[in-house]
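Please take a moment to look over the sequence and the model together, since the paragraphs that follow move from one part of the chain to another.

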Amino acid sequence: MSAGTPTPAASSWPVRLGLFGGTFDPPHVGHLVTAVNVLHALGLDQVILMVNNVAWQKEGTRQITPADDRFAMVVAAVADVPGLVAGRTEIDHGGNSFTADTLQALRADHPSAEFFTIVGDDAAAGLHSWTRSDEVVASSHLVVVDRPGDPVDLPDDIDWIRVEAPRLEVSSTDLRRRFSDGRPLDYLVTEPVLDVIERRGLYSGADE
């Protein structure tokens, strides 16, 4: 849940929960467009933007912003968006972040909930390479976000739910460089996220 938000009793939690995981370094409008379109298309009660603790796939490729800073940015990004919440289950768990572990933890807290794991088309195409992908498939509905009119080929042994959403070609790498060199960030990152970045002094020396 967002920082400062009281945790409701388990019985009062929404029953259709979307899990949208990522590094969110930084969270941008493309993430928000994906989340709100899935929320609407599937009639979900909430979509949790779950912040990775250790983005092990990216370790060694670049410096990753500390998890608490990334969580603060996601909290700011979703604060005024109905149906979207920030999640820190993976941060609190510690270590590497795996979707199977996250779903297991969420289900322990919300045993009556129906879960929807939201992935982009690239991640969906490589699902069987995920750690314990069989557990992810067994414990949630798999939702792939397709570009309108351009569906991706997916493993045919999984019952996918496809949701079309505008594909905003926003690169987190480009955003970090823009922070460093002063190029415009208008309409790419929301003002509340920019405020967190400036307050915490993030990306001032972004080096890819």
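Two residues are said to be in contact, or to pack against each other, when heavy atoms of theirs lie within 4.5 Å. The model shown here is a predicted one, and a good place to begin reading it is helix H8, which covers residues 191-200.

Within helix H8, the residues Val-193, Leu-194, Val-196 and Ile-197 are buried, a word used for residues with under 20% relative accessible area. When one looks down the axis of H8, these buried residues fall within an arc of 160°, so they line one face of the helix. This pattern can be understood from helix geometry, because an α-helix has 3.6 residues a turn, so residues three or four places apart point the same way. What do the buried residues of H8 pack against? Their partners are helix H2 (67-78) and helix H7 (172-181). The face of H8 that is turned away from the buried side carries the exposed residues Glu-191, Glu-198 and Arg-199. Following H8 in the chain comes Gly-201, whose phi is positive, near 65°.

From this helix we can turn to the empty space inside the model. Rolling a probe the size of a water molecule over the atoms shows where empty space is left. A search of the whole structure in this manner finds one cavity of 30 Å³ or more, and the largest cavity holds about 60 Å³ of space. Its lining is formed by Thr-89, Glu-90, His-93, Gly-94, Gly-95, Asn-96, Ser-97, Phe-98, Asp-101 and Thr-102. Helix H3 (89-93) and helix H4 (99-109) each supply at least two residues of this lining, and H3 gives the most, with three residues. Sorted by character, the lining residues divide into one nonpolar, seven polar and two charged.

A last stop is Glu-114, which is found in strand S4, residues 114-120. Is Glu-114 buried, partly exposed or exposed? Its relative accessibility is 30%, and it therefore counts as partly exposed, the class that lies between under 20% for buried and over 50% for exposed. Leaving aside its neighbours within four places in sequence, Glu-114 is in contact with Val-15, Arg-16, Leu-17 and His-141. With one of these residues, Arg-16, the side chain of Glu-114 is joined through its side chain by a polar contact of 3.3 Å. Glu-114 and Leu-44, which are 70 residues apart in sequence, are 9.4 Å apart in space, C-alpha to C-alpha.

Definitions and conventions. Residues numbered from 1 in each chain as written. Predicted model: local features only at pLDDT ≥ 70, side-chain atom pairs only at ≥ 80, totals over all residues. Heavy atoms only, no water. 1 Å grid on protein atoms, 1.4 Å probe; cavity = no way out; pocket = protein on both sides within 12 Å on 5 of 7 lines; lining within 4 Å. Points joined across faces, edges and corners; volume = space filled by probe spheres on them. Helix = DSSP H or I, 4+ residues; strand = E, 2+ residues; numbered from the N terminus. Nonpolar A, V, L, I, M, F, W, Y, C, P; charged D, E, K, R; others polar. Buried < 20%, exposed > 50% of the residue type's maximum accessible area, 1.4 Å probe, protein only. Arc of directions from axis to C-beta. Polar contact = N/O pair within 3.5 Å; in protein donor to acceptor, adjacent residues only side chain to side chain.
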